[in-house]
Structures are given as structure tokens and as C-alpha cells.
Protein chains: 2
Amino acid sequence: MGAGEGDVVKNKQVILKNFKNGYPKESDMLINSENTICLKIAQESKGVVLVKNLYLSCDPYMCIPMKEFNISQGLLSSYTLGSPLTGYGVAKVVDSTYPNLKKGDLVWGTTGWEEYSLIANPASLFKIEHTDVPLSYYTGVLGVPGICAYFGFYEVCNPKPGERVYVSAASGAIGQLVGQFAKLMGCYVVGSAGSEEKVHLLKNKFGFDEAFNYKEENDLAKALERYFPDGIDIYFENVGGKMLDAVLVNMRLRGRIAVCGMVSQYNLNQHEGVKNLMCLIEKRIRMEGFVVYDYYDEYYSKFLQTLLPYVKEGKITYVEDIAQGLESAPAALVGLFSGRNVGKQVVMVARD
Amino acid sequence: MGAGEGDVVKNKQVILKNFKNGYPKESDMLINSENTICLKIAQESKGVVLVKNLYLSCDPYMCIPMKEFNISQGLLSSYTLGSPLTGYGVAKVVDSTYPNLKKGDLVWGTTGWEEYSLIANPASLFKIEHTDVPLSYYTGVLGVPGICAYFGFYEVCNPKPGERVYVSAASGAIGQLVGQFAKLMGCYVVGSAGSEEKVHLLKNKFGFDEAFNYKEENDLAKALERYFPDGIDIYFENVGGKMLDAVLVNMRLRGRIAVCGMVSQYNLNQHEGVKNLMCLIEKRIRMEGFVVYDYYDEYYSKFLQTLLPYVKEGKITYVEDIAQGLESAPAALVGLFSGRNVGKQVVMVARD
């Protein structure tokens, strides 16, 4: 049975208008309201799914494929000019020629910044089986940021009770979880963020022992010394640059640095130099980068088995900043880089 | 029995004249020929040994305690102005009030840059039990450089046969050993050094697969790409700075960087910035510093048990650059920083 004319609907999109040096601006994107899509997959297209996007995730890494000069060395493909951005999202299957997914199934994974997307590699999607939590959580605590926080903290950092943990960008999608995991383990946890509101959230909502506004500190190394008079055992690195330099001089013997991201550097073509790497020797520090893909195999078996009960029992709290409507997506994305979001930035495209 | 006047002898010393910014010069040290020492330990001095220094080790780290501004954050104490330098050496016990060592014993460990030294903490000395190898080897292949190379390579780098290994400062005290360990393990090994003579040595004496003169390369990253078209699995870091940046972009997925030293940085008060740390994320690189002290416990049980047979059977070759006489020590030390030495730089103070 082919697609009839009645199956063709408008498909609003967020289009990349031009590549960018520095952080993205709203004017680098445009909303295309004229695009249409057929809600029936053509008969000859085998093994694909058509989804309706419900929630789109705004992530700092997204400025990298938006750049003229792609610094990611092949990890992230550049976006295509004139096409919709892509990113993680939660979606509902509208039509499918892929045997493992059928109409009505909920999924999360890489999708387009548009109302409907045709997913050519549906094997990359995760089927959502638990819907007794907010669906948007699959862009956050139960999605990529959660996986990063969980494996980055428990596996890369190798934490022990009582250790001293520092989290930068601590109220963000990942940081808020790392801090809570560290408290569950019995660590002393300090977070930094860029506003008083976020500092308040860290201490009062997420249970960090201490928190500070890095924008108010003239000397980051001194600030860290104040909160860690005996040094830092574990640093969960989201920021890079000067923050990393300040952390290095405050690390303890045999400290560990899990390198999850370096958002302070994403806008730069020539990165800031990190000067205190000699500390790695003196303090026998292990610094290790990791990427979320490496842990996808353990998503259902290990991650979700632990996180779902934590979320349902309220052991883990998650704060989201949900922008309404696809039109709000460019501003929501851009806001990440000035720290406008409080908690995980999500765009709701449709409720169901 | 007290010391008689006849026990007092001249004790030539290499004295630190002034602290230094940048690499040390010969004029920062002076030879004091007027000092005397009594070769009998005073009766009331318990638990000390008096040694006659035979071989002194010249090591790059020694410029750090010679600096006005000590960058080592407590790992290395600054030298004392007007006193002899200290460093690793091989010595013979002349007198002892320390039960575990007696007159005539040979030891290696931290001693003074002088003919005779009173060692206040003899528990820090290693007793030399095998004298069927050159005694000077206990400043090199059987001493600190050997321990650094052995544990740094086998434990920190976690190598596997067939992996691609890069060693900087490869003809130096540590590098020449790392290269040979890597070949013994069945790795592909490339070293860099600062002269054609050293490059020749790497390929023809130590069995590196390839070697290059880094001073002849305008673009270190390109040079590494030439020797490692498929990237580097293991980097044994002796240099830091620009070399590290060039390595980072050439690392392979899940590569390991053992940070042993960063000699290019020791002369600087403000270190060069390393700009390519984002590679740690994309390539899931582990970078780890280590310090020789941590492995002292395994010196006899593990290290010497492996290395002594290697050395005696000729499986491991060691090249030393031996300067004759304490007077030659300042020039020998200074020469390290311009790469004048070929192989491990040692000063022979006395043959026995």
C-alpha cells in the first residue's frame, strides 16, 4: 500500500544556516516552516523508521559540528548546511519497516531537529520500555547525560567513600548527577556553577556539601583551596582550560580526573594551553577521557537497572529546563553557552 | 674510640653558588677544595653511615631544586645555597653506626656531590649485592632510571605485543631502556633524540624500529604521522610541551601516556600550555604520572630479579657517558640540558 496525499504533513525544521566560529548564535539557525513529509514510509525503503519527535536534547557538544573547523577529529561529523541539526531526542514511531520497532513504540537516540524524522539507522535507537517516569528524562538522567555521569563517575573515577570530589558545570545535565552519585557513595562533594541560583540549587536540591559561583572568583585555584584544604581526589571534568589548571594544583596524591567534556574550549579554534600538567607526575594523577558510546552495551543491563529505581524512589533528583516548541530550540541551544539554562536543557516539540 | 686527627681528609665538593632561573650553568656551581671531613663517625652519632662516593648520577630533575622558584610542589626539596648538591650515586661505606650496613658495603641512593658524605638516613640506601656488573650501572639501568623505565613501561603503559610505542628523549638514561623493553615485548618502537649520532644509536645499538632527530623537524605532529601512520598506542613522556601536543593528535583509540618527566619545561617558571587535551576525550586516552619512589618496595623482588639476568645475558644494552672526576660534574650536569651527553650521564668520583 503506497502513501496517499493525506499522509503528507508540514514538518517544521531547525536548519543550520551557516557554520560558525565561536559559540553559535540564534542567527546561525533558521526555522523552516515550509517543509513537508509523508507519514508513510515508501514501500521500497526497508529497515527504516519514521518518528515524531517529542523532546530534543540541547547539548554543549553540538557547537562542535556547527563549527567551520571541526575540532573533533572524526568523533562528530559536521552538520550539513541547509539541513536540520541533529541531536539526541525522544520520539514516537509513526511508521516502520524495521522489524524491531513498530508504530507507537517510544524510542530515544539520534534524531533531527524537526517535527518528524526518517531514521535510516534505527538500530542506533534505544527502545523506551518504562514510561512511568517523565519521557523527557530519556534526554537526561535516563539518557546520554545519565550514562556519562554514571560510567564516568563509577568506572573512570573509581571512587571510594570519603573521597573529595569536585564537579565543574555542576548544575548541568551531567554535573547534577555526578554530585548526587558521589553523595550516595559517601563522598565529600563540591560543585561550581555560574550563578547564585545554580549554587543554591547545588546545595539545596542536589545535596552538594558546598558550591560556589566560579564567575565570582578571581583566583580559581584559591577558591578550590578554600573548599578542598586537603586537596581533591576526584575531578569530573566538564570545562577544561583555566579550570583544569586550577584543579591540577589542588589535586591530591593519586587523584583521578575523568575527562567528560571541555565546554570552555568548544568555541575556540586554538585551545587554551593547560600549564600545570607537571602535577600529573608529582601527584601520580590519572587523567582519562571517555565517550558515552563505549557504554551503550550496558545501558539496559547495568545503567537502567540502577537508575530507574533511584529515580522512582527519589534517591536521585533531576532538574530540567524545558523550552516549549521547536521555534524555541535555537535560543535554548545558544543559551547553554551563556549558562542561561538551569539544569538539563530540553526542547519539547510535542507532548505525544 | 674517638676519631683521631689522622682520620681527617680533604673532601672536595660541588657547591651550589646561586639559584637559577632557566637551565643551570656551570657558573651556578663551584668546586670547594678546602673542605675536610673526619672519616670516623663521632661516637654519639647513632644510625648514620659515612660513605665514599664512587659514581654520581646527573639527572634532568636536578635543575628543579636548583631553581629560585621550586615548581615541584613539595616532591623535591630545594638545594641549600653554599652546600653541595645532592643526587643519586653509588658509594662505599667507610664507617657506620647503622646496624644494617658495615664498612666496605657498597650502596646506591641519595648522596652528596662530594668525595665523602655522611648519610643521616641510611635506610634510604639500597645495598648493592651484585658486583659482577659495572658499579656505575646502579646509577642507571640497575638504579633509578631503570626502575622508572621498567615500572613506567610495564605497569603504567600496560603494553601488549604489536602495539606502537613512541619514546621521546629516547637515547637518555630512561628512554634507551623503554625502547628495549618495548622491543622485548614485541612492540613497534620509534624514538626521537636531538642529534644524528643519537638517532644512529637508537636504531643500531638499541634496536628501535625507527628513530628521528626532532631538531630537524619543523612540524613534530607531521613527523610522528610519518612514523605512525596508524597512530601511537603508547607514549612514554619525558619531554612535555610541544612534543606532548604533537603526540596527542597522533594517539590511537585507548592510547596510554605514561608521564615520567617533562624536561622541556623544567627551565620555565611559566610552563608552556598544552592545547590538544580534547584528544583525551575523543580517543579515550589515559594519561598517568608516576614517581620512582612508589616502586622502591619492588626493587629487589621484582625489578632486579628481571633486570640483572637481562643485563648479564646481553638482552639489554646500556650506554653511559662517564665524566671523570668531581671537577667535571658541573659541566656534565649542565650538558644534559643541551643534550651533550650520549646515553646516561654519570660522573666517576673514584673507582673504589
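Visitor: Let's start small. Where does Asp28(A) sit in the chain?

Guide: Asp28(A) falls in the loop between β2 (13-16) and β3 (29-32) of chain A. Keep in mind that this is a predicted model.

Visitor: Is Asp28(A) buried or exposed?

Guide: For that you compare the relative accessible area with a cut-off, and buried means under 20%. Asp28(A) has a relative accessible area of 3%, so it counts as buried.

Visitor: And what does Asp28(A) touch?

Guide: Leaving out residues up to four places away in sequence, Asp28(A) touches Ile15(A), Leu16(A), Lys17(A), Asn18(A) and Lys20(A). With Asn18(A) there is also a polar contact of 3.0 Å between the two side chains.

Visitor: On to strands. How should I read one, say β5 of chain A?

Guide: As a general idea, side chains in a regular strand alternate between the two faces of the sheet. Then look at burial and at partners. β5(A) covers residues 49-57, and 8 of its 9 residues are buried.

Visitor: Which strand does β5(A) pair with over 7 bridges?

Guide: That is β6 (residues 86-96) of chain A, and the pairing is antiparallel. Within it, Val51(A) stands opposite Val93(A).

Visitor: What other pairings does β5(A) have?

Guide: β5(A) runs antiparallel to β8 (residues 116-119) of chain A, joined by 4 bridges. Leu50(A) has Leu118(A) as its bridge partner there. β5(A) also pairs with β17 (residues 344-348) of chain A, again in the antiparallel sense, over 3 bridges. In that pairing, Tyr55(A) is opposite Met348(A).

Visitor: Now zoom out. How many strands form the open sheet that involves both chains?

Guide: To read a sheet, follow the strand order from one edge to the other. Here 12 strands form an open sheet, in the order β12(A)-β11(A)-β10(A)-β13(A)-β14(A)-β15(A)-β15(B)-β14(B)-β13(B)-β10(B)-β11(B)-β12(B), with mixed pairing. The edge strands are β12 (210-213) of chain A and β12 (210-213) of chain B, each pairing on one side only. From one strand to the next, the twist averages 15 degrees.

Visitor: What does the pairing at the chain B edge look like?

Guide: β11 (residues 188-193) of chain B runs parallel to β12(B), and 4 bridges join them. Ala193(B) has Asn213(B) as its bridge partner.

Visitor: Which strands does helix α1 of chain A lie across?

Guide: Helix α1(A), residues 144-156, lies across β10 (164-167), β13 (232-237), β14 (251-259) and β15 (286-289) of chain A, at about 150 degrees to β13(A). Helix α3(A), residues 196-204, lies across β11 (188-193) and β12 of chain A, at about 175 degrees to β12(A).

Note on methods:
Residues numbered from 1 in each chain as written. Chains lettered and ligands numbered in written order. Predicted model: local features only at pLDDT ≥ 70, side-chain atom pairs only at ≥ 80, totals over all residues. Heavy atoms only, no water. Pairing = 2+ DSSP bridges. Helix = DSSP H or I, 4+ residues; strand = E, 2+ residues; numbered from the N terminus. Axes fitted to C-alpha atoms, helices over the stretch in contact; angles between N-to-C directions. Contact = heavy atoms within 4.5 Å. Buried < 20%, exposed > 50% of the residue type's maximum accessible area, 1.4 Å probe, protein only. Polar contact = N/O pair within 3.5 Å; in protein donor to acceptor, adjacent residues only side chain to side chain.
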